[in-house]
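Hi,

Here is the structure I promised to pass on. Have a look at it first, and then read on for what turned up in it.

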Amino acid sequence: MSTATAGRSSRAAQARSRDSSRPTRIRGTGIAFWLFFTPFAVGLLIFTIIPLLWGGALSFFEAKGTVLPTQFVGLGNFKDFLTNTAFLYSLRTFTIFAIFIVPVTMATSLFLAVLVNGIPRFQAFYRSVFFLPTACSYVVASVVWRLGLFNGLDSGVVNTMLSSIGLDPIADWLSASPYWWVVLISVRLWMQVGFYMLLFLAGLQAIPSQLYEAAAVDGLNPGGWRMFRMITLPQLRTTSTAVLLLLLIAAFQAFDEFYNLTGNNPETRPPLVYLYNIALGPEQDFGHGSAGALVLTAIMVVAGLLQTWIIGFDSNDDARRRRLPWRRRGPVGSVGAGAAAGAGVGTDVGGGIGAGVGTTVTADLAGTGAPQSPSADAPSDLSADGGHPAAAAAPEIIRPDGGDRS
């Protein structure tokens, strides 16, 4: 009897241990999940998924003045858009806008990020100051630009500044080229530069400080251009690629500032403004509007894929190097030469500075983006700045017993 009782006690203890190892489930969590999830799911379905599917269906039909398809036209709407001069001219407008706004925003954001990162105190204050315009609406900013800064009056802010330096005021900021590009690019730059500055600032703060210490020991000026070019820019490669992709997408989606500043001007009308006037303007042509939206989406996807294929997000992608001849890894001798030209910056981040050459840093300075092992073929001349060898020989291993082992 005692044996049976002990067996039952043992089984009960094992059952309790299994129950204690399982996660405790709080009663009512299933109902709470559906209460929180259902409104968002219904909103996503009604306002996003169904309109996307319905718009894709309307692109194959003639639908003027109604959202119900009337006559099936197949790919006729897409053919009309690809041969439409007004739509192609809107793509030209986007190209001009992207050529200016993308590099200017990247350069300004990186410049501000470097300045803020170098400030020892009050970094949070400066981050907030530059980021605040991002919280403003494009419509509000466009109204301020139109009525306050570039209103064309002699009392306007910009015209007053021009008069103070001896230049004539400009009355047609929003009606003549190239003045309207100054207005459009400046408002977009003011609105988005703070956001991308934070992205670059996060990338700068993720760079190991040992890299800068090693470069300074090897002779590079801590605040100089060569330090920035040899250390900072290669380490910001992934961040720069992401920022470039986001800027291109944002340029494709430009609508508010164009619509509120220049209206439906054919010379300053990007694709979204043109599609808006086709679908929601006097014509109410939802068939052609849906087809144009799909065409513009396809262009955006292709542009993003091409950028990822050419530049990529990973600096160690060997498959991309095989595809692109100008990005292939060079011979070991060229790696050593590139490292010597880059002032011989080499350090093992985990092991310190001096005798060992950090293969990752040397490879990045050489432009290969992949670790390279020192080779006997690599040149052993001194660097141009610090006079240190570009690649030091590996130290001899001294064994505790003092004997040589084969």
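Keep in mind that this is a predicted model. A good place to start is a pair of helices: α9, covering residues 209-217, and α10, covering residues 225-235, have axes that come within 11 Å and cross at roughly 160°. Angles over 145 degrees count as roughly antiparallel, so α9 runs roughly antiparallel to α10. The crossing of α9 past α10 is right-handed.

Which residues make the contact between these two helices? From α9 they are Leu211, Tyr212, Ala215 and Ala216, and from α10 they are Met227, Ile231, Thr232 and Gln235. Sorted by class, that contact has six nonpolar residues, two polar ones and no charged ones.

Next, try α13 and α14. Their axes are 7 Å apart, and the helices pack at an angle of about 160°. With that angle, α13 and α14 are therefore roughly antiparallel to each other as well. The handedness here is left: α13 passes α14 in a left-handed crossing.

On the α13 side, the contact uses Pro271, Leu272, Leu275, Ile278, Ala279 and Leu280. On the α14 side, you'll find Phe286, His288, Gly289, Gly292, Ala293 and Leu296. Nine residues of this contact are nonpolar, three are polar and none is charged.

Now for the empty space. How big is the largest pocket? Its volume is about 540 Å³. There are 19 residues lining the largest pocket, and those closest to its centre are Pro51, Gly55, Gly289, Ser290 and Ala293. You may recognise Gly289 and Ala293, which are also part of the contact of α14 with α13.

Which helices each supply at least two residues of that lining? They are α2 (29-58), α13 (271-280) and α14 (286-310). As for the chemistry of the lining, 14 of its residues are nonpolar, five are polar and no charged residue is found there.

One last stop, still on α14: find Met300, which lies in that helix. Leaving aside residues up to four places away in sequence, what does Met300 touch? The partners are Ile249, Phe252 and Gln253. Take Gln253 as an example: Met300 and Gln253 are 47 residues apart in sequence, yet their C-alpha atoms are 9.6 Å apart in space.

Have fun turning it around on your screen!

Cheers

Conventions. Residues are numbered from 1 along each chain as its sequence is written. This is a predicted model: local features need pLDDT of at least 70, side-chain atom pairs count only at pLDDT 80 or more; totals for chains, interfaces and linings use all residues. Side-chain values use heavy atoms; hydrogens and water are left out. On a 1 Å grid over the protein atoms alone, a cavity is a set of points where a 1.4 Å probe fits but cannot get out, and a pocket is an open set with protein on both sides within 12 Å along at least five of seven lines; lining residues have an atom within 4 Å of a point. Grid points are joined across faces, edges and corners, and a volume is the space filled by probe spheres set on the points. Helices (H or I, at least four residues) and strands (E, at least two) are DSSP runs, numbered from the N terminus. Ala, Val, Leu, Ile, Met, Phe, Trp, Tyr, Cys and Pro count as nonpolar, Asp, Glu, Lys and Arg as charged, and the others, Gly among them, as polar. Axes are lines fitted to C-alpha atoms, for helices over the stretch in contact, and angles run from 0 to 180 degrees between N-to-C directions. Angles under 35 degrees count as roughly parallel, over 145 as roughly antiparallel, 65 to 115 as roughly perpendicular and the rest as oblique. A crossing is left-handed if the near helix is turned anticlockwise from the far one by less than a right angle, and right-handed if clockwise. Contact means heavy atoms within 4.5 Å.
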